[in-house]
Amino acid sequence: MSRIKIFDTTLRDGEQSPGVNLNKLEKLEIAKQLERLGVDRMEAGFPASSEGDFQAVKAIADTIKHTSVTALSRTVKSDIDIAWEALKGADEPCLHIFLATSPIHMTYKLRKTPDEVIATATEMVAYAKKKFPQIEWSAEDASRSDWSFLAQIVEKVIDAGATVINLPDTVGYTTPKEYGDMFKYIRENVPNIDQVTLSCHCHNDLGIAVANSIAAVENGATQIEGTINGIGERAGNAALEEIAVALNIRSDFYSFQTNLNLKEVKRTSDMVAKLTGMYIQANKAVVGRNAFAHESGIHQDGVLKHASTYEIITPELVGVNANTLFLGKHSGRHAFKEKVTELGIELSEDNINKAFAAFKQLTDHKKEVTDDDIFTIITEIQTNTASVDKYKLEMFQIQYGSNNIPTAAVELKTPAGKVVKTACTGNGSVEALYRTLEALTEEETKLIDYQINSVGGGKDALAESRVQLMVNGKTVNGRGAAQDVMEASVQAYLNAVNRYIIQQVNTDKQKVVKSH
Ligand code: KIV
Ligand code: ZN
């Protein structure tokens, strides 16, 4: 079996999904989970793109110690310098630098000749090499590039110091055979290719990103790039969990393995869905809600007689149903702390106290608290940006029934510290609630999407709500978790407005930094 490296770009390419805007604390939590999952390298962001992203990449580079951290840069000196400032605290800092090589991109976007593209790429790789021990160079739109030109430029950037060569299918256009053949060609026609890791990076516009990635590996790629849940620009990127599980389940056919701890797959998928607000479809391979459900009588009968009749992946393999030890009302702080350690999470003493208090509150309503509940509680606490003044729920009350006009009353503390309250009616309870919140918040908001889900099973399960709002003309996602569905709905709405406020604060800070 040969080992294939996994390069995760959930926090960079994945974050480019429409409506997704992760803040520093959320990115840091996902980064820690990616480390637990065992990815070989994670792309933490694009530091030159914003002050917020710079700070997030820096926090990740300074925190993550068992996984290499990389960040994106254009082929310009200032991007490289900024990336170095963000990454220099990492154990193994790596720069990801890209330049397009396809005729379409060189002619219309870059307005450069092929020779100019080679000169820029080699010059900037050599410049970056003075700072970075590891450099990944990506030939953007490689799959629509001329192969002999690609071979030429790849050889030169390796000579200039690149340690990883990535050949992306940027627009999700290629097919498995074609993409595989391109890797074979590069392997056979670039004399120094054995000095580097050869990487593939596929987008999913035609729904074949996973198949294309596996074809690349069958033809000499030694690293796969992708995202958790396949999130990303347009139709997204190759879903890493699907690739890792496919290689594992079909190890009779493929002779490649990844280093991922598959038991962390479901939890990673849940966290990414929760924090990005991009919930996955029920029938999504490997991590969808129905991935292990058997509906037809014939299938159920077969699975009861022998699971292998219709089940090729066990839920346990990817950490589904891994809620081994239940905690309840009588569990003390010690048991709670042990559970947190067992989940592989490190918490400050302050956050342990907050998490334990939230856990105790939950046990007032819920008999058995599961690992997933604890994980949800901790994620909420760890990603709470306490330092920014925001809206805070003081109280809410809703009245509705079959012969009633739904009415909501809400009391909020505003970012300025004022307590405001009002009541509104609506056609349904959520409408009444959201109209009241709209009346109380100063920002202009429009609800685009609203979802409610349960965390785990049972009548007393935690509710998790997700909204997409247009706040002052900007699309923002919000989420909230609570025992009660209406409370989760209020929290999700306020979370979206608060995220908008945090983004504004960060943008203002950035303006201050730039003006100095
Ligand atoms: O898809 C792509 O080409 C990219 C590059 C920046 C590597 O994401
Ligand atoms: Zn990409």
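The following exchange concerns a cavity and a sheet in a predicted model.

Author: Residues are numbered from 1 along each chain as its sequence is written. In this predicted model, local features need pLDDT of at least 70, side-chain atom pairs count only at pLDDT 80 or more, and totals for chains, interfaces and linings use all residues.

Reader: What makes the space lined by Glu29, Arg36, Met271, Ile345, Phe375, Ile378 and Thr379 a cavity?

Author: On a 1 Å grid over the protein atoms alone, a cavity is a set of points where a 1.4 Å probe fits but cannot get out, and lining residues have an atom within 4 Å of a point. The structure holds one cavity of 30 Å³ or more, and about 30 Å³ of space lies in the largest one, a volume being the space filled by probe spheres set on the points, which are joined across faces, edges and corners.

Reader: Why is the largest cavity said to lie between domain 1 and domain 2?

Author: Domain 1 (2–276) and domain 2 (333–382) each contribute lining residues, so the largest cavity lies between them; the bounds come from an automatic or database domain assignment.

Reader: Why are β16 and β18 called edge strands?

Author: Two strands pair if DSSP finds at least two bridges between them, and strands are DSSP runs (E, at least two residues), numbered from the N terminus. The open antiparallel sheet has the order β16-β17-β18. β16 (445–455) and β18 (474–482) each have a single partner strand, so one side of each lacks a neighbour in the sheet.

Reader: How do you know that β17 and β18 pair?

Author: Strand β17 (residues 462–471) and β18 share nine bridges in the antiparallel sense, and the criterion is at least two. Glutamine 468, for example, has asparagine 477 in β18 as its bridge partner.

Notes:
Chains lettered and ligands numbered in written order. Heavy atoms only, no water. 1 Å grid on protein atoms, 1.4 Å probe; cavity = no way out; pocket = protein on both sides within 12 Å on 5 of 7 lines; lining within 4 Å. Helix = DSSP H or I, 4+ residues; strand = E, 2+ residues; numbered from the N terminus.
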